[in-house]
Amino acid sequence: MAPEIKYTKLFINNEWVDACSGYTFAAYAPHDGSVIAQVAEGDRADIDLAVTAAKAAFHRDSKWRLLDASARGRLLNKFADLIQRDAQYLGELECCNNGMNIRMVLGIVQKGVNGARYAASLADKIQGDTIPADGDLFSYTLKQPVGVCGLILPWNAPILMFVNKVCTALAAGCTVVVKPAEQTPLTSLALAALLKEAGVPAGVVNVVTGFGPDAGAALTHHPDVAKISFTGSLEVGKQIQQAAGKANLKRVTLELGGKSPLVIMNDADLNLAVTWAAHGVFGNQGQMCFAASRTFVQSGIYDTFVKKAVEFARNIKIGNPSDPNVDHGPQVDGEIMNRVLAYIEKGKKEGARLLTGGNRIGTTGYYVEPTVFADVEDHMTIAKEEIFGPVQCIFKFETLKEVIDRANNTNYGLASGIFTKNINDALHFSKHVEAGNVWINTYLASTAQTPFGGFKDSGVGREKGVDCVEEYLEIKTVTISLPKTF
Ligand code: NAI
Ligand code: MG
């Protein structure tokens, strides 16, 4: 049964309002494709209203700008308390609308709480430098919020994306307009209600639900938006960076997915490696930006690893994601499911060895079998493009030197991993792999304290970690002339 849906309107200036057009769009449950809510369909006109509210809330005399930095931190901690209070409800809502299994989603909500508290702790630690400038001068820097930020969210972990982006921007003192993904509008609205309850002044946080080419594009083109933070596809990331340079020169943070290599050396703890390789690519049905979508296995253990990987995939428990025993739910929608199935067909056609899975499950909902391909070669489409589905691609290699070159032979550079007992191999790999994250004898380990982001086409800038607020700040240098003599 769907959890109660309390909010379906736009959230602008702390009010719930219909879209100017009066239009709505459907939100679905990917488990069975049923409609669970009709949500306001915001477009350019609504984005204009939301940006106007956010701009007013950013005025130097506004309630928000006059708050002490420590009060911003307390507000974010209050928000964290409210997420914790409503964790079960938020988790059920996300599970229903997005298809992530309930155990994983509750873990993600907890990560959201941690993220909000971490951002809260940074709010009053934003400080500049005193600088020994040449000449009879005294210089210092102020770090000031960049302004109105447009935050464009993906559908694969909406709660975490909302919390991390919004809380970092608010810790810095910015105001925001959030545009959730059209597939998953509901938890962003529920979180907006919690921000209001926490006492965030009107206009500081606004949420406009709607479609990418309309509401999303309007935000990226808006002259009063100073910064865009986006997580999603490379294709849209490139469009956003171009749009950001048109009406004004927006600051841009982009997190754009990957084709992340996971390297298993002959001396690895085999069962541990099999388990993490599987979690790394089958978790959330493979809909993870840092999915271990290229598994490179050294020749000495290749056959055994492949056999165990197939066994693991066949034992994954598939079903309704609201069942706490289920590991594997549906893809988020039919379009994404069909994209994944098309990649599987390409893999078969181009000669990769399909060992298990490969099909849609049933005809209701958007389920795809956990799929394992072995003998994948670097030139194949499934070796190069982001599949974003439950498809493990296993490659064979001989030497560490060879595998580092092959791991780096991609336009992406988000995450990577290595399983080995040899510290020298692990450190050599860590130094030379072109990726924003390297995991050694584990995978997916990312916390509020650790910076996250990509090299190359995987993005621009970093989220989380102690420097994350810098992405939402401008540095102002103040220089004072000192008298030469007394
Ligand atoms: P997408 O990049 O189109 O959507 C992500 C967000 O961008 C949504 O909020 C969407 O409304 C918005 N958007 C779309 N077009 C826009 C535009 N012109 N201007 C401003 N905002 C716009 O991703 P989509 O189509 O949902 O998924 C396609 C593929 O993208 C996936 O199969 C996956 O490979 C990748 N992806 C990567 C994610 C990541 O975590 N890095 C998250 C989601 C998708
Ligand atoms: Mg798209």
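**Entry 1: ligand 1 and its surroundings**

I began with Arg 339, where an N or O atom of the side chain sits 3.2 Å from an oxygen atom of ligand 1. I kept in mind from the start that this is a predicted model. I then looked up two further polar contacts of the ligand: a polar side-chain atom of Glu 386 is 2.7 Å from an oxygen atom of ligand 1, and a polar backbone atom of Gly 257 is 3.2 Å from a nitrogen atom of ligand 1. Taken on its own, ligand 1 has 820 Å² of accessible area, and I noted that the protein covers 91% of this.

Which residues come nearest to the ligand? I found 27 residues around ligand 1, and those that come nearest are Leu 153, Trp 155, Lys 179, Glu 182 and Ser 233. Turning to the elements behind this shell, I noted that helix H8 (212-221), strand S10 (227-231), helix H9 (234-243) and helix H12 (334-349) each supply at least two residues. H8 gives the most, with three residues.

**Entry 2: salt bridges**

A search of the whole structure gave me 17 salt bridges, and I followed three of them in detail.

I took Lys 55 and Asp 224 to begin with, a salt bridge whose closest N and O atoms are 3.6 Å apart. Lys 55 belongs to helix H1 (residues 44-57) and Asp 224 to the loop between H8 and S10, so this pair ties together parts that are 169 residues apart in sequence. I also checked how open each partner is: Lys 55 has a relative accessible area of 45% and is partly exposed, and Asp 224, with 34%, is partly exposed as well.

I went on to Arg 85, which forms a salt bridge with Glu 197, the closest N and O atoms being 2.7 Å apart. Because Arg 85 lies in helix H3 (residues 69-85) and Glu 197 in helix H7 (residues 186-198), the pair ties together parts that are 112 residues apart in sequence. Arg 85 counts as partly exposed at 49% relative accessibility, and Glu 197 is partly exposed with a relative accessible area of 44%.

The third pair I followed was Arg 406 and Asp 378, a salt bridge in which the closest N and O atoms are 2.7 Å apart. I noted that it links distant parts of the chain, since Arg 406 is in helix H14 and Asp 378 in the loop between strand S15 (371-374) and helix H13 (381-384), 28 residues apart. Is Arg 406 buried or exposed? Its relative accessible area is 17%, so I entered Arg 406 as buried, whereas Asp 378 is partly exposed with a relative accessible area of 28%. Looking for salt bridges that share partners, I found that Arg 85, Asp 86 and Glu 197 are joined into one network.

**Entry 3: helix H14**

Arg 406 led me to the rest of its helix, H14 (residues 400-408), in which Leu 400, Val 403, Ile 404, Arg 406, Ala 407 and Asn 408 are buried. What covers these buried residues of H14? I found that the cover includes strand S12 (261-264), strand S13 (294-298), strand S16 (391-397), strand S17 (417-419) and helix H15 (423-432).

**Entry 4: positive phi values**

I next looked at backbone angles, bearing in mind that most residues other than glycine have a negative phi. Asn 14 has a positive value, with phi near 65°, and I located Asn 14 in the loop between strand S1 (10-12) and strand S2 (15-17). At 12% relative accessibility Asn 14 counts as buried.

Asp 375 also has a positive phi, of about 55°, although it is not a glycine. I placed Asp 375 in the loop between S15 and H13, the loop that also holds Asp 378. Asp 375 is partly exposed, with a relative accessible area of 32%.

**Entry 5: a nonpolar patch**

Last, I looked at the surface, where Phe 138, Ile 480 and Leu 482 make a nonpolar patch of about 230 Å². Phe 138 lies in strand S6 (residues 137-145). Its relative accessibility is 33%, and I therefore entered Phe 138 as partly exposed.

Definitions and conventions:
Residues are numbered from 1 along each chain as its sequence is written. Chains are lettered from A and ligands numbered from 1 in the order in which they are written. This is a predicted model: local features need pLDDT of at least 70, side-chain atom pairs count only at pLDDT 80 or more; totals for chains, interfaces and linings use all residues. Side-chain values use heavy atoms; hydrogens and water are left out. Patches are made of residues with over 30% relative accessible area and no salt bridge: like charges are joined within 9 Å, nonpolar side chains (Val, Leu, Ile, Met, Phe, Trp, Tyr) within 5 Å. Accessible areas come from the Shrake-Rupley method with a 1.4 Å probe; for residues, only the protein chains shown count as cover. A salt bridge is a side-chain nitrogen of Lys or Arg within 4 Å of a carboxyl oxygen of Asp or Glu. Helices (H or I, at least four residues) and strands (E, at least two) are DSSP runs, numbered from the N terminus. Buried means under 20% relative accessible area, exposed over 50%, partly exposed in between (1.4 Å probe, protein chains only). Contact means heavy atoms within 4.5 Å. A residue is near a molecule or strand if one of its heavy atoms lies within 4 Å of it. A polar contact is a pair of N or O atoms within 3.5 Å; within protein, one must be able to donate a hydrogen and the other to accept it, and residues adjacent in sequence count only if both atoms are side-chain atoms.
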